[in-house]
Amino acid sequence: MKAPAISIIIPCYNAALYLEETVRSVFEQHCDTEIILVDDGSTDNTEELLKKINNSTVNYFRQENTGVSAARNKGLELAKGEYLVFFDSDDLMSPRFLLTRMQELEQNKEIGFVCGDVEKFSEQGMKSGSFKGPDPGKIEEQILLYTKEVITCPSNFMFKREFLTENKLRFNERLSSTADRFFLLQCNKAGSFQKAGTPLYYRVSPGSMSNRLDKSLVEDNERYYDELKKAGLIPERIKNNSLFLGDFILSGSYWKTGNKWKALKYGSRCFFRDPIGMIRKLNR
């Protein structure tokens, strides 16, 4: 049986509210695809919904709840396509989303992955403002120094399967909300990318992981910085600025979630890295 050109890997957890719309946006691409839905232990009607879709290109796999990174890695193991997209279960593809990305990867043999720009939307419609995917040559600064308009959502990217396999690139299963940023930094270290293609439609919803601050989210950010340092993913040219921002974010986040000891720990580290910078931040 001939392998599909593109594998769309969609991790989902209690995503029934938006999942059908997301899958339909893939069908409307009219490309040679397979959709791999990895249900990460949902307790809603996700499975029943997918049975209703009843399309031979949709492959459903269920696992115990082990996190979004493990779900993406499972999809990677199952994928048969030459090109891979890790798509979130509530985002949408714009017209020709897949085709324009695949054409760029076919034409440019030197790159391992590609992304486009981003348009945000919610239940109220499209969001105003300037949003985009990372830029080649600037991705480390944009991710590690938190360029506001840059969206790092994996949905925006298409990867050559060969590039991921040869460089043994997988999502870090110790991370959850920060795993996408970490993965992109790993990919950038292993090879190069280009910006091309129609935009990602990125859904902004009140219940999304990035829109809530709780203990697990703060701890995930703490692990993220530990993993960055272990993997050597912070370039020397921005290392002090990046770690200063990390300490500042962790200090404020731990303070808001009630862990005063850790707030003071990271606040002290932040102050000793750049006392003037910390005073300026606090006075904003």
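## Exercises on a predicted protein model

Asn-14 is partly exposed, because its relative accessibility is 32%. That gives us a friendly starting point; please keep in mind throughout that this is a predicted model.

**Exercise 1. Describe the surroundings and backbone of Asn-14.**

Solution. Start with the accessibility: the value of 32% falls between the 20% and 50% cut-offs, so the label is partly exposed. Next, find the residue along the chain: Asn-14 sits in the loop that links β1 (6-12) and α1 (16-27). Finally, check the backbone: phi is positive, about 50 degrees, although Asn-14 is not a glycine.

**Exercise 2. Find where Tyr-146 lies and what its phi angle is.**

Solution. First the place: the loop between α5 (139-144) and β9 (157-160) holds Tyr-146. Then the angle: Tyr-146 is not a glycine, yet its phi is positive at about 60 degrees. Last, the surface: a relative accessibility of 27% is why Tyr-146 counts as partly exposed.

**Exercise 3. Work out whether the radius of gyration fits a compact globule.**

Solution. Begin with the chain length, 284 residues. For that length, a compact globule would have a radius of gyration near 19 Å. The protein chain has 19 Å, so the two agree. To complete the picture, add the extents of the C-alpha trace along its principal axes, about 60 × 45 × 35 Å, and the make-up of the fold, 11 helices and 11 strands.

**Exercise 4. Summarise burial, contacts, surface and charge for the protein chain.**

Solution. Take burial first: 51% of the 284 residues count as buried. Turn to contacts between residues at least 6 apart in sequence: 76% of these join residues at least 24 apart. For the surface, the chain exposes about 14200 Å², and carbon and sulfur atoms supply 50% of that area. For charge, there are 41 positive and 39 negative charges, and their mean positions lie 6 Å apart.

**Exercise 5. Describe the largest nonpolar core and the place of Cys-187 in it.**

Solution. The largest nonpolar core has 39 residues. Those with the most contacts inside this core are Phe-86, Phe-159, Leu-164, Phe-183, Cys-187, Tyr-224 and Leu-228. Helix α7 (residues 179-190) gives the core its largest share, six residues. Now zoom in on Cys-187: setting aside neighbours within four places in sequence, Cys-187 touches Phe-113, Phe-159, Phe-163, Leu-164 and Leu-169. Apart from the largest core lies another one, of 33 residues, including Ile-10, Ile-111, Val-114 and Tyr-202.

**Exercise 6. Place three loop residues, Gln-124, Ser-176 and Asp-274, and relate each to a partner far along the chain.**

Solution. Take Gln-124, in the loop between β7 (118-122) and β8 (125-126). Its relative accessible area is 72%, so Gln-124 is exposed. Gln-124 and Ala-263 are 139 residues apart in sequence, and their C-alpha atoms are 37 Å apart.

Move to Ser-176, in the loop between α6 (161-166) and α7. With a relative accessible area of 28%, Ser-176 is partly exposed. The partner here is Gly-232, 56 residues away along the chain, with 19 Å between the C-alpha atoms.

End with Asp-274, in the loop between α10 (260-273) and α11 (275-282). Asp-274 counts as partly exposed because its relative accessibility is 28%. Asp-274 and Asn-240 are 34 residues apart along the chain, and 8.7 Å separates their C-alpha atoms.

Note on methods. Residues are numbered from 1 along each chain as its sequence is written. This is a predicted model: local features need pLDDT of at least 70, side-chain atom pairs count only at pLDDT 80 or more; totals for chains, interfaces and linings use all residues. Side-chain values use heavy atoms; hydrogens and water are left out. Helices (H or I, at least four residues) and strands (E, at least two) are DSSP runs, numbered from the N terminus. The radius of gyration is taken over C-alpha atoms; the globule rule is 2.2 Å times the number of residues to the power 0.38. Buried means under 20% relative accessible area, exposed over 50%, partly exposed in between (1.4 Å probe, protein chains only). Contact means heavy atoms within 4.5 Å. Accessible areas come from the Shrake-Rupley method with a 1.4 Å probe; for residues, only the protein chains shown count as cover. Lys and Arg count as positive and Asp and Glu as negative; His and the chain ends are not counted. The place of a charge is taken as NZ of Lys, CZ of Arg, CG of Asp or CD of Glu. A nonpolar core is a set of buried Ala, Val, Leu, Ile, Met, Phe, Trp, Tyr and Cys residues joined through side-chain atoms within 4.5 Å.
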